Amino acid sequence: MKPVILVTRKLPEAVEDRLRRDYQPILNPTDTLYSSADIINMAAEADAILPCHTEKFSAEVIERLPARIKAIANFSVGYDHVDVEAAKKRGLIVTNTPDVLSDATAELTMMLMLGAARRASEGEKLVRTREWKDWSPSFMVGIQVTGKRLGIVGFGRVGQVVAQRARAFDMTIHYHNRRRVDPQLEGGATYHESVEALMPHCDFLALHCVASPETAGLLNKERIAMLPDGAVVVNASRGTVIDDEALIEALKSGKLYAAGLDVFNNEPDINPAYRELDNVFLMPHIGSATRETRDAMGFRALDNLDAIFSGREPGDRVA
Ligand code: DGY
C-alpha cells in the first residue's frame, strides 16, 4: 500500500503528478484554506502531512493529530508555523525545503530594494490612475541603490545569495549572523558581532534571519534609531522580525527613507497603516513564487517523504 499524504494546498502540477505516482495523496484542488480542525479530521486517513506555512501546527494541534501521522513534510523553508519541540516530543519527523528558494527570494529582495528606493508604488499608482501629468527634473526622484552599503541580518543561504546579487549593484556588504561564516563564503563582506554593531553601516538593511522567539521584534525602535538617517529597510523573511509600530513611526517621521516588505505580522490582515504610506513598497509574501522554485520546493518535500517512507534519514530534517 502506498502511504497516504494529506496535502493541504494546491501544489504545482508536476509535483501533484509525482505525488499521484508514488503515494495516495489527499489533494486540495480548490486550494481551500483549511482550519486546524479540518486538518486534524482529514489527517485521520493519512500517514503524513505536506503543508505550507499557511497551516499552523501548534502544540495543541500536534497533540491532536492521529497517531498514524509520521511526518510533517513542509512545502517551505520557514517552519515557524510548526511547534518543533511539540513535534519532537511526539516523535513526529518535520522537514523543510531549504536551498531551492534562495535565488527566487534574493530576486524578490532586490526588487524590494529597488522598488522602495525608486518609489515604485507611487509611480505605478500614478500611471494606473491616469494621475501622471508631466515630467520634470524634480518628478518622482528617489534614491540610488548602486554603490550603497547593504547590511544583511541572517547570512545563511538566502542572505548570501542576496549579497552576490547586490554586488552586481556595486554594493558594499556588511552582515550579522549568529556565527561568522567561513571567510570563503563571505565574499569580502564585513562581519559585525551584534545587530547593534551592524546598524550604523546600513544604507539598506535586508532581514533574512529565521523567525524564532529570539528574533521576534528584532528591528525595534532602538535599533532603527541606530540606522543612518534615510536608510531603507527590506524584509522577505517573516513579519515577526519587525516591530510594526516602530517601523511605521520611522517611515512617517522620515527617519527611514522607505521600506520594501513582502512579509508581515498577521498576514494577510497587515497593520493598516502600511497601506496609507507612500514610502512602502508592498508585496503579498511572494518571495518563492516562481514556477521553477515552486516545482523545486515540491520535489524537495517529496524527496524528504521518499526518504522517510523508505526508512532513510530525510535530507532536510528539522525535528
Ligand atoms: C517559505 O518557504 O518559508 C516561504 O516563506 C513560503 O512559505
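This section describes the ligand site, a nonpolar surface patch and two loop residues of a predicted model. Local features require a pLDDT of at least 70 and side-chain atom pairs a pLDDT of 80 or more, while totals for chains, interfaces and linings use all residues. Residues are numbered from 1 along each chain as its sequence is written, and side-chain values use heavy atoms, with hydrogens and water left out.

The ligand is surrounded by H53, S76, V77, G78, L101, R238, H285 and M297, each having a heavy atom within 4 Å of the ligand. Polar contacts are pairs of N or O atoms within 3.5 Å. A polar side-chain atom of H53 is placed 2.6 Å from a ligand oxygen atom. Polar backbone atoms also approach ligand oxygen, at 2.7 Å for V77 and at 2.9 Å for G78. Of the 230 Å² that the ligand exposes when taken alone, the protein buries 89% (Shrake-Rupley method, 1.4 Å probe).

On the surface, V127, W132, W135 and F139 make a nonpolar patch of about 480 Å². Such a patch joins nonpolar side chains (Val, Leu, Ile, Met, Phe, Trp, Tyr) within 5 Å, from residues with over 30% relative accessible area and no salt bridge (a side-chain nitrogen of Lys or Arg within 4 Å of a carboxyl oxygen of Asp or Glu). W135 has a relative accessible area of 62% and is therefore exposed (over 50%).

R9, by contrast, counts as buried at 16% relative accessibility (under 20%). The C-alpha atoms of R9 and L50 are separated by 8.5 Å, although the two residues are 41 residues apart along the chain.

How values were computed: Polar contact = N/O pair within 3.5 Å; in protein donor to acceptor, adjacent residues only side chain to side chain. Patch = residues over 30% accessible without salt bridge, like charges linked within 9 Å, V, L, I, M, F, W, Y side chains within 5 Å. Buried < 20%, exposed > 50% of the residue type's maximum accessible area, 1.4 Å probe, protein only.
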